[in-house]
Amino acid sequence: MSPVSVMASSSSVLSEDQLQCSICLNVFTDSVMSPCGHNFCMICLKEFWDSSSHCHCPVCQEEFPICPELHMNTSISELAAPFKKAVQTLLGKTQAEVKQMIQERLKKIEETKHSVELNKKNTEKEKANIVGTFSALMRCIERSQTELLKVMEEKQKAAEMQAEEFIKELEQEITELKRRNTELEQISHTEDHLHLLQIYPSLCSPPHTQDWTDVTINSHLSVETLRRALSQLQETLSEEMEKVPEIKLKRIQQYAVDVTLDPDTSNPYLILSDDGNQVKDADKRQNLPDNPERFNSCPCVLGKEGFSSGRFYYEVQVRGKTKWDLGIARESINRKGQITPSPKDGYWCVWLRDETEYKALDSPRVSLSLKQAPQKVGVFVDYEEGLISFYDVDTKSHIYSFIGQNFTEKLYPYFSPGLNDEGKNSAPLIICPVNQI
């Protein structure tokens with residue numbers, strides 16, 4: 001609405017048309033009246049007549065033989081004056097507001113620049129730490145490589161020296177055996193049988209030699225030391241990489257799966273979206289069959305997809321909620337009556353209550369101190385490892401993990417949006433596509 005309209009609406013006597021020049025469409029400035037009774041700004045009417053070949057009224061088109069002499073319409077001018085003042089006041093106020101908005105945005109720009117600069121400094125610091133860590137790892141790798149090569153060379157030299165000793169002894173024994181063989185060859189042709197009988201005992205007794213049957217050269221160089229060293233390096237590297245939240249979450253996100261809600265398990269008070277990706281409390285019961293799979297008391301629903309092996313990950317938006325439960329449930333859980341989620345009953349969950357109270361429903365329950373309220377929660381499961389972990393996707397930080405669990409049956413994603421609470425908790429839980437970082 002224009003300023004004139006604002007002022008006109010506050011008066012039961014004046015209207016916008018009465019105070020508006022039909023040429024410039026603004027509030028009158030030095031109002032004058034034409035002989036036909038229509039009002040205009042003096043300068044507007046003069047310029048109109050100057051640009052025309054003859055004088056006539058811009059409104060009713062009445063022609064005048066000669067251009068009339070114009071006189072100020074003091075009554076209209078007096079009526080227009082407060083409107084002009086109001087317009088000026090309103091323009092001044094608007095201008096002040098615009099200036100304030102400009103200042104706020106300039107301040108925001110400075111804050112953003114400062115934040116970027118601070119982030120840059122922190123990033124440089126983190127980069128230096130990471131370079132230092134990897135440099136230390138590289139030095140460790142190079143040192144281990146040098147030590148391992150040295151050990152392998154020493155083992156090779158020892159094997160070669162042992163082989164040389166064996167060969168030397170074998171060659172000595174061969175020389176002795178050849179000498180004995182020559183003696184036997186010579187004596188075998190003698191015709192002095194008496195002499196043969198005399199020397200027979202000494203010739204027929206075997207020469208002193210070593211039993212070489214079980215003597216071997218260890219040609220296999222053990223790489224167990226190498227394996228241990230490499231395993232230790234790999235473990236060290238993994239531990240260092242796990243300290244970087246972005247890398248850890250990125251590794252987990254590669255196990256993202258599609259999850260949709262199962263309407264056959266949904267409590268009658270819940271509403272599911274057509275695509276099966278959203279759930280919220282309806283505040284009134286729907287007419288649904290009480291089939292065995294359905295939660296009939298607690299406002300819960302399971303995912304359609306179950307998992308009995310491997311790893312899987314999905315993300316759920318919890319923005320705008322004051323209460324929710326998220327987690328994993330085994331197939332054989334009780335779905336009737338009141339439910340108290342806990343691992344022994346087949347539930348591995350975290351929840352929010354009263355907008356700020358976060359807990360892991362472990363045995364016993366664990367209060368969670370989070371730096372900020374998660375807007376999107378990631379859920380990761382490693383079936384064989386017995387691990388269920390929860391993450392704040394936006395801050396890329398760890399929330400809680402259930403470890404050392406023993407899974408023996410199919411697991412399903414578990415959702416509870418909580419009651420509507422007179423509109424305070426009306427926002428839905430939304431299963432989101434995973435955008436890998």
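## Strand β14 and its partners

Two strands count as paired when DSSP finds at least two bridges between them. The model discussed here is predicted. In it, F390 of strand β14 stands opposite Y400 in β15. Five bridges join β14 to strand β15, residues 397-402, and the two run antiparallel. Four residues lie between the strands of this hairpin, and K396 takes a positive phi near 60 degrees.

On β14's other pairing, six bridges join it to strand β13, residues 376-382, again in an antiparallel arrangement. Here V381 stands opposite I388 in β14. The hairpin of β13 and β14 has four residues between the strands, with G386 at a positive phi near 70 degrees.

Is β14 covered on one face or on both? In a regular strand the side chains alternate between the two faces of the sheet. For β14, both faces are covered. L387, S389 and Y391 on one side are buried, as are I388, F390 and D392 on the other. Thus six of the six residues in β14, residues 387-392, are buried.

## Strand β10 and its partners

Strand β10 spans residues 347-353, and seven of its seven residues are buried. One side carries Y347, C349, W351 and R353, while the other carries W348, V350 and L352.

Six bridges join β10 to strand β9, residues 324-330, which runs antiparallel to it. In this pair A329 stands opposite Y347. Four bridges join β10 to strand β11, residues 357-360, also antiparallel, and V350 stands opposite A360 in β11. The hairpin of β10 and β11 has three residues between the strands, and D354 in the turn has a positive phi of about 55 degrees.

## Cavities

Rolling a probe the size of a water molecule over the atoms shows where empty space is left. The count comes to two cavities of 30 Å³ or more. The second largest has a volume of about 40 Å³.

Which residues line the second largest cavity? Its lining consists of W324, V350, W351, Y358, L368, L370, P374 and I399. Two of these, V350 and W351, are buried residues on opposite sides of β10. By class, the lining has eight nonpolar residues, no polar ones and no charged ones.

## Helix α3

Helix α3 covers residues 74-187 and has 114 residues. From its first C-alpha to its last it reaches 164 Å, close to the 170 Å expected at 1.5 Å a residue. A kink of about 25 degrees lies at A80, shortly before the proline P82.

Notes. Residues numbered from 1 in each chain as written. Predicted model: local features only at pLDDT ≥ 70, side-chain atom pairs only at ≥ 80, totals over all residues. Heavy atoms only, no water. 1 Å grid on protein atoms, 1.4 Å probe; cavity = no way out; pocket = protein on both sides within 12 Å on 5 of 7 lines; lining within 4 Å. Points joined across faces, edges and corners; volume = space filled by probe spheres on them. Nonpolar A, V, L, I, M, F, W, Y, C, P; charged D, E, K, R; others polar. Expected span 1.5 Å × (residues − 1). Bend = angle between axes of the 7 residues up to and from the residue. Buried < 20%, exposed > 50% of the residue type's maximum accessible area, 1.4 Å probe, protein only.
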